[in-house]
Amino acid sequence: MSRRSDTRSVLPLQLAAAVVAVGSFAYTASNPLPEGILGAGVVFGIFIALGEILRVTLPGGRQAAPLAAAGSLAFALLPSFKGVPLPGVAFAVTVVTLASIVGSLPRVFVGRGIHLDEVSQRVLMTATAAALIAPWPELLNHGELADLSDVLKSNIQLIVMVVAGALAGLLEIALAAATRANEARMPFSVALVDELRAMIGITTAVTATGVLMALAASKSMDYWALPVFAVPMLLTQFSFRRYSSIEATYLQTIRALSKVTEVGGYTESGHARRVSVLSSRIGSELGMTERELTDLEYAALMHDIGQLAWPDPFPGGATSLIAPVHQRRIAELGAEVVRQSGALDSVALIVERQADSYRPGPGLPDESLPLASRIIKVANAYDDAVGASLDMERMQYSLDRLTGATDREYDPAVVDALARIVDRRFEQSYS
Amino acid sequence: MRDFPLRTRVFIAAVIVAGLLGIIACLIHTAHAPDVFLRFGYIAALALLVFASEAFSAALARSVATREGVSISVTMPIAMASVIILGPWGAPLVTAVVALEPRRTPWFKRCFNGSMNVLSTLGAAWTYALLHAQLSSDHQIQVFPSLTSMDFRPSSVLIPMLAATLVHEVINGALMVTVLALAERVSPWRIWFGTMAESALPLFIYSIFGLMLAVVWLTISPLAGVLVLAPLMVARWVFSMFSARQEAYESTIRSLIQAVETKDAYTRGHSERVSRASVMIGRSAGMREDRVSSLRYAGMLHDVGKLGVPTRILQKSGKLTDEEFDAIKMHPTRGREITKDLEFLGEAVEGILLHHERMDGRGYPNGLKGDEIPEFARILSVADAFDSMTTTRSYRGARSVEEAMDELRRCKDTQFDAGFVEALVAAVTRDGWDVVDTTNQVTPSGSAPAMGSDDDDPTASSELGLGLATPVDHAALDAFMSEIVRDGGIHGLPTGDKGSTP
């Protein structure tokens with residue numbers, strides 16, 4: 001379960017997964033399987049491969065295959081099948097790896113690549129879960145716990161499976177966060193918070209379903225456990241699908257409606273879009289979380305909405321060039337519009353304070369000023385001066401002017417971040 | 001409780017007494033059942049789950065702060081599992097716990113909710129027991145189902161489970177509808193169809209989950225039962241986030257549209273009303289619900305391009321010059337420019353572009369004729385004209401709804417599509433139309449800064465023409481209804497707080 005990322009450079013994650021998978025293949029190939037276990041492997045494998053096809057988009061554009069994940073976890077935790085104990089970690093990893101690859105083939109055929117990160121994470125998750133429960137059958141049947149009553153034993157087994165599944169799920173989240181931190185060059189802690197927020201719901205459902213499938217399949221339901229317990233998972237998946245679709249529509253709508261100021265001649269064409277893109281870049285550069293970035297993007301898109309209430313457009317719509325008292329009035333009016341929607345209060349606050357100076361008087365900065373507002377102020381001023389132009393002298397000139405005003409108007413850290421982004425743009429255009 | 005009329009109070013009291021009698025009967029019978037300790041243990045465990053699920057829903061309602069449409073109840077599957085596990089004399093004791101829900105609810109509502117649940121569970125459990133006996137091999141009615149071995153063949157549990165869930169919903173619904181009808185003096189059928197129409201899918205979901213919980217509870221372990229509820233709770237959580245998002249979404253569009261409308265004092269609330277009239281026409285003409293929903297957005301956004309028209313022209317009271325009229329004529333094109341990237345709008349974008357076309361081809365921007373004009377544009381055109389006529393404009397006063405409908409009929413085939421005019425007339429005749437007088441609409445100012453060019457004008461306050469003169473009792477009924485459907489069916493009296501106060 002990772003962000004949209006197709007075949008990229010080989011990372012430690014993929015390497016670790018490859019080592020585990022190859023080791024498991026070798027072990028499985030050289031050791032005979034117990035009677036009847038191959039059948040279980042094939043059926044679970046088919047289920048995982050089908051689950052790999054039934055994917056869902058989670059909030060934040062993350063891709064996941066919850067049914068495949070639940071099937072993998074179930075097979076990793078499966079204590080026995082039709083009375084025959086499972087042979088252990090290597091076989092589980094082998095089945096999950098092969099099934100995930102087979103399930104990805106349709107994507108490969110239509111040229112969309114394999115979710116290599118996700119498959120790697122799943123392989124490691126499976127290995128972890130299987131390894132965590134491996135010592136328990138021995139303990140329960142022959143070890144110190146062998147004397148306990150059957151009811152107690154089966155509850156201990158259940159708790160062990162839940163804990164193993166949960167730990168494996170957390171590992172998977174941490175691996176996804178590491179992948180993302182590496183890709184987006186952000187701090188691991190921030191990526192972990194984002195990933196936990198986005199994945200905790202689906203991971204809970206996957207863990208519960210995986211444990212149930214394993215228990216029911218080993219007890220009495222055999223193969224039936226898979227389709228039966230897939231039903232709740234499908235409901236969860238459906239609810240996530242609806243949620244991400246409305247999220248996407250929301251963003252799309254705000255983007256479209258942010259054009260109203262442009263169509264009305266209040267701002268230059270593309271201004272709101274450019275300010276939002278630039279603000280988001282600065283925000284990630286400064287290590288904002290996904291949630292903060294979303295608010296920032298909305299606020300940046302709507303930062304000029306307040307101008308609609310102004311009787312006449314300003315020349316060129318350059319709000320950074322008008323009197324500060326007017327800038328503030330526009331910010332307030334805009335915040336009022338946003339606040340009226342009743343749902344975006346944090347965004348309204350950002351819009352409201354976008355025109356405030358970094359240092360209200362000589363000396364200390366204003367602590368209450370949200371970082372997002374400071375970012376929009378800088379991005380707005382930069383875009384007012386540069387616009388869609390690619391003229392590097394102009395970029396450098398306006399950057400210098402922003403830097404010159406960091407003693408009062410602008411946050412030096414934000415301007416620095418902007419400078420780094422602009423530098424990178426220079427490098428790209430040279431190379 | 002004193003807010004309710006006498007007949008309602010009598011009814012509520014009767015239900016509470018019946019519920020109490022039910023609980024006493026259940027307690028007496030269960031005390032004489034086999035495995036009495038294990039049975040009461042299971043009752044306590046399941047009741048705890050019900051309590052936890054109610055607390056979970058209450059927490060969601062508080063944190064997400066929304067009126068949800070159809071959602072999923074986590075309590076229902078537990079109730080249905082209790083029916084299987086504990087039988088007719090045990091299950092009602094589990095659902096009675098609903099009365100203890102952790103919300104700030106008046107005592108009589110709690111008692112009524114608890115009693116209602118006891119009675120419907122009693123009905124559901126007997127339905128299950130009788131049908132299960134019919135379908136099982138020994139035809140034995142299991143008043144106290146065995147807690148160790150049970151007949152779980154799909155052929156003998158599926159149909160009884162579905163029937164039991166249905167009975168539960170029907171009893172619950174009937175009691176709820178009666179109390180609402182008594183309190184609000186509305187036709188019980190209206191409420192019934194308003195809330196029950198969408199509960200077919202939840203019904204199926206509850207049966208399946210209830211069955212799954214019971215099977216896992218009895219064959220694996222009660223502890224594993226909790227795992228069955230986990231995906232459901234996650235789904236419930238995501239659904240309420242979805243509802244909150246959806247609501248945020250619509251109110252955001254609305255407030256942005258209002259920002260646009262501030263440019264012209266006379267068009268306040270116009271988009272909202274055109275949206276409403278378009279929906280009425282669409283429904284009346286028998287359109288599919290997804291198209292109607294698209295139509296709603298089309299109505300809301302149809303004038304968004306007016307932003308490009310200078311305020312001076314929009315607010316001019318005299319006759320417009322040709323240039324000024326040309327500037328106004330640009331607004332559908334600009335509207336299309338703004339909305340064209342919105343995938344979900346679909347055909348609505350063309351509707352926005354062409355809503356000023358006329359059937360005789362004398363409209364703008366393209367001068368299309370008759371059937372060349374897409375349906376959405378024809379509907380918007382009728383709705384737009386209807387609202388313009390019934391509200392005050394700078395150049396004339398408002399006309400009555402009857403006058404406006406006569407005028408629309410007079411202009412059909414030249415300006416408007418005859419079919420959609422008749423659809424509007426039929427809908428307005430049936431459901432009525434709330435006329436708003438925009439000139440006298442003084443909204444509370446002070447809290448919100450003025451949005452117009454004149455900061456001191458209270459009528460230019462930012463709280464714009466949303467006050468679609470909705471009669472008070474309708475608003476109350478709507479609030480009631482949204483409370484009821486919150487849990488995907490009729491499950492309880494509205495709780496005191498509307499779930500919006502943290």
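**Exercise 1. Helix α9 of chain A**

Task: Check the span of α9(A) against 1.5 Å a residue.

Solution. The structure is a predicted model. Start with the count: α9(A) has 33 residues. The expected span is 1.5 Å times one less than the number of residues. For α9(A) that should come to 48 Å. Now take the end C-alpha atoms: they lie 48 Å apart, so the two values agree. Then look along the helix. α9(A) has a kink of about 35° at V231(A). The proline P232(A) comes shortly after that point.

**Exercise 2. The side of chain A that touches chain B**

Task: Work out which helix of chain A gives the most to the side that touches chain B.

Solution. First, size the contact: 50 residues of chain A meet 54 residues of chain B. Next, list the helices that each supply at least two residues on the chain A side: α7 (150-184), α8, α9 (225-257), α10 (260-263) and α13 (324-340). Among these, α9(A) gives the most, with 18 residues. Last, sort the chain A side by residue class. It holds 28 nonpolar, 16 polar and six charged residues.

**Exercise 3. Two domains in chain A**

Task: Describe how domain 1 of chain A and domain 2 of chain A are placed and how they touch.

Solution. Begin with the bounds. The domain assignment gives domain 1 as 12-237 and domain 2 as 258-430 in chain A. Their centres, taken over C-alpha atoms, are 45 Å apart. The contact takes seven residues from domain 1 of chain A and four residues from domain 2 of chain A. On the domain 1 side, helix α8 (residues 188-221) of chain A has the largest share, three residues. By class, that side divides into five nonpolar, one polar and one charged. For the setting, the C-alpha atoms of chain A fill a box of roughly 80 × 45 × 45 Å along the principal axes.

**Exercise 4. M221(A)**

Task: Decide whether M221(A) is buried or exposed, and find what it touches.

Solution. Place the residue first: M221(A) is in helix α8 of chain A. Then count. M221(A) has 20 C-beta neighbours inside 10 Å, so it counts as buried. The cut-off for buried is 20 or more. Setting aside residues up to four places away in sequence, M221(A) touches A216(A) and V228(A). Finally, compare sequence with space. F81(A) is 140 residues from M221(A) in sequence, yet the C-alpha to C-alpha distance is 9.9 Å.

**Exercise 5. Helix α3 of chain B**

Task: Test the span of α3(B) and state how far it is enclosed.

Solution. Take the span first. The helix covers residues 75-86 of chain B, twelve residues, which should span 16 Å. Its end C-alpha atoms are 16 Å apart, so this agrees. Now burial: twelve of the twelve residues of α3(B) are buried, so the helix is largely enclosed by the rest of the structure. Among them are T75(B), P77(B), S82(B) and L86(B). Then read past the end. G87(B) follows α3(B), and its phi is positive, near 80°.

**Exercise 6. The nonpolar cores**

Task: Which residues have the most contacts inside the largest nonpolar core?

Solution. The largest nonpolar core has 156 residues. Those with the most contacts inside it are A74(A), L77(A), L212(A), M213(A) and L213(B). Follow one of them. Beyond its neighbours within four places in sequence, A74(A) is in contact with F44(A), G210(A), M213(A), A214(A) and A217(A). Apart from this core lies another, of 92 residues, including V275(A), V378(A), V349(B) and L424(B).

Notes
Residues numbered from 1 in each chain as written. Chains lettered and ligands numbered in written order. Predicted model: local features only at pLDDT ≥ 70, side-chain atom pairs only at ≥ 80, totals over all residues. Core = buried A, V, L, I, M, F, W, Y, C linked by C-beta atoms within 7 Å. Domains from an automatic or database assignment. Helix = DSSP H or I, 4+ residues; strand = E, 2+ residues; numbered from the N terminus. Nonpolar A, V, L, I, M, F, W, Y, C, P; charged D, E, K, R; others polar. Bend = angle between axes of the 7 residues up to and from the residue.
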